[in-house]
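These notebook entries record what I looked up in the structure. I began with the domains, then turned to the sheets and the ligand.

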Amino acid sequence: MSKTNSFLINNSSLEEMLNWAKKRIIIGPDPISGAKKKELLDKELGNTISKKGIGWKKTFDLFINTIVPSTRPFDHPTSLAFVAAAPTPAASSIDAVLGAAEIFAGNWDGGSGAIYAENEALKWLAKLAKWPTKTSGGVFVSGGTLGNLSAIHAARTNYQLISKAKSKKLSILCSSEAHSSLYAIAKVMDFKIHEVKSNLNGQIDIKEAKKIINKNKNIFCIVANAGATNSGAIDNINVLASLAKSKKIWLHVDGAYGLAALADPQSAKLFKGIEKADSFIVDPHKWLFAPYDSCALLYKDARKGSIAHGQRGNYLDAVDKSSWNPSDFALHLTRRPRGLPLWFSLVVYGSTAYAKAIKKTIQIAKKIAIGIKKNKNLELILGPQLTVILFRSKKLNDDEVNIWSEKYRRNGALLCLPTTWKNMKVLRICVVNPNTDPSHVIKILKTLN
Ligand SMILES: Cc1ncc(COP(=O)(O)O)c(C=O)c1O
C-alpha cells in the first residue's frame, strides 16, 4: 500500500466510531429522537463541507450529536406507526461490518460468496412459499417499491413475448388497498390500474375482480396483497391465482410487510395459493428483522426475471453470463449484498427463532387489541389482521387525537399515528417488534380519554 495515501486514518476516531456502533446495537435507539426543524439543521449542519475539512472527530460529533438525534428511531419497540423495523443484533452487526467489506454483489465475479449466501436466504423464502428451489430465484433490492416495479416489468415483458401485444396500453388489476408504490410504478411504466373495491376487511372483492378481468383483455398482471399496509388485509391469493391462470397472466404478490408471516407455520396458511404465484416480494427490513434497505424479490421462474432485466453494454462483455448475476433480476446494476444481514441472522439464530418471533409479534398485537376492546373510551375498528390494528377514541376529536399522538411521540412513549379507513379517521398500530411490551402500549392508550 502506498505510504502517501490520499486519505489518512485517524485510529482513535475510528475506534470511537466502532464503539459507538457497538453501543447502538446493544442498547438500541433513543426513543426521544426525531425530526428537527430545517432552520436548526441549517445552523448545525449547513456549510459543513469545506476546502480543508474539519477532521474525523468534529465530523463524527456532528453525526452523534446532531444527525442521529434528528432521526426517528423506527427500531424502538414503542414504534408502532407505518411499518417499523426491528433488526436483530446479529443482522445489525453484520450490516455494520458489511460497509467495511465493500463487496460488489452485482455479478458473481465481484461477490460470489456474498451472492451465494444471499441466495440461501432467497431459497429459504422460496421453500416457505412451497416453490421449486431449482427454477426459482431472484435478488434483494432496496425496497418494496423497486421490488414491485421489477416484478411487474418482468410480468409485462413475459406477456408481450407470449401475446405479441406490444403496442396496446396494458393494465394491471389490484385492490383499492394496494400499496401506493403501484400507482408510482404505473406512472413510470405507463400502464393503467384497474382498482377493485375491497370488502370490509380490506380484501379484494373477488366477484368484482372477475367482472373486470373478463371485460378487459389488456390486463397482464394481477397484484395480490399479502398484508395490505393500512389494514393488514390478505387477499384470497388462491382464487386470484386461478383467475390469473385462466387468463394466462402473471400473479404477483405484494408481501412487503405481511409475507414475513410465512415463517410462522400457523400463519403460513393465511397465504394459501402463494405456491401458484409467479413472483412475490417481502421486505426483510420490515418484519424479517433485518436493517434497511432490503427487499427480497423472487420469481418462480428466475429466467423470466433475467429476460426482462439483464443489461447489455460493451463494457459488460467481460461479465460471465453463465453465472448467477444478481444485477440481471431487477432494475439496477451495481448493488451491495443487502440480503446478507437476513442470511447471517438466520444462520446465527436459526429459522425456529424467526418462527417464534413472528408468532410472538402476532400475539402482542392480539393482546393490544384485547386491551383496546376492554377500554370503554376506545373502539376497535378492525383487526388485528396479521399485526395491524385500527381503532378510534370515543372521547377525543380528530384534532385532539393528533395532539395526543404528537405528545407521546415527542416524549418517546409511543409512536402511534392516525390514518383513514373507509373514510373514517382512525388510529393505526402495526407491530413488527417482538420486544414491544403490550401492557406498556395498553397503558399509554388509556390516556386517550
Ligand atoms: C405492502 C407494501 N408494498 C410496498 C411497499 C413499499 O416498500 P418500500 O417502502 O420498501 O419501497 C410497502 C411499504 O410500506 C408496503 O407496505
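I count two residues as in contact if their C-beta atoms, placed from the backbone, lie within 7 Å. I note at the outset that this is a predicted model.

**Entry 1: domains**

I looked up the division of the protein and found domain 1 (11-69), domain 2 (95-350) and domain 3 (352-445). I then asked how many residues of domain 2 are in contact with domain 3. I found that 20 residues of domain 2 are in contact with 19 residues of domain 3. On the side of domain 2 that touches domain 3, I listed the elements that give two or more residues: helix 10 (265-268), helix 11 (284-287) and helix 13 (340-349). Of these, helix 10 gives the most, with 3 residues. I sorted this side of domain 2 by class and obtained 9 nonpolar, 9 polar and 2 charged residues. The centres of domain 2 and domain 3, taken over C-alpha atoms, are separated by 29 Å.

**Entry 2: the sheet of 7 strands**

I next traced an open sheet of 7 strands, and its order is 1-7-6-5-4-2-3, with mixed pairing. Strand 1 (137-141) and strand 3 (192-196) are at the edges; each has a single partner strand, so one side of each is left without a neighbour in the sheet. Neighbouring strands of this sheet are turned by 20° against each other on average, direction ignored.

Within this sheet I examined one pair, strand 5 (residues 250-254) and strand 6 (residues 279-282), which pair in the parallel sense over 3 bridges. Which residue of strand 6 is the bridge partner of His252? I found Ser279 in that place. I also recorded that helix 7 (residues 180-189) lies across strand 2 (171-175), strand 3 and strand 4 (219-225). Helix 7 runs at about 155° to strand 3.

**Entry 3: the sheet of 4 strands**

I then followed another open sheet, in which 4 strands take the order 8-9-11-10 with antiparallel pairing. Its edge strands are strand 8 (378-385) and strand 10 (417-421), and each pairs on one side only. From one strand to the next, the twist averages 35°.

I looked more closely at strand 9 (residues 388-393) and strand 11 (residues 424-430), which run antiparallel and are joined by 4 bridges. Ile389 has Ile429 in strand 11 as its bridge partner.

Two helices were entered against this sheet. Helix 14 (residues 351-374) lies across strand 8, strand 9 and strand 11, and runs at about 160° to strand 8. Helix 15 (residues 398-410) lies across strand 9, strand 10 and strand 11, and runs at about 140° to strand 10.

**Entry 4: the ligand and helix 6**

I asked which residues are closest to the ligand. I found 13 residues around the ligand, the closest being Gly143, Gly144, Thr145, His179 and Ala256. I divided this shell by class into 4 nonpolar, 7 polar and 2 charged residues. The largest share of the shell, 3 residues, comes from helix 6 (residues 144-163).

I checked the length of helix 6 as well. At 1.5 Å a residue, its 20 residues should span 28 Å, and the end C-alpha atoms are 28 Å apart, so the two values agree. After helix 6 comes Lys164, for which I noted a positive phi near 55°.

Conventions:
Residues numbered from 1 in each chain as written. Predicted model: local features only at pLDDT ≥ 70, side-chain atom pairs only at ≥ 80, totals over all residues. Near = placed C-beta within 6 Å. Nonpolar A, V, L, I, M, F, W, Y, C, P; charged D, E, K, R; others polar. Pairing = 2+ DSSP bridges. Axes fitted to C-alpha atoms, helices over the stretch in contact; angles between N-to-C directions. Expected span 1.5 Å × (residues − 1). Domains from an automatic or database assignment.
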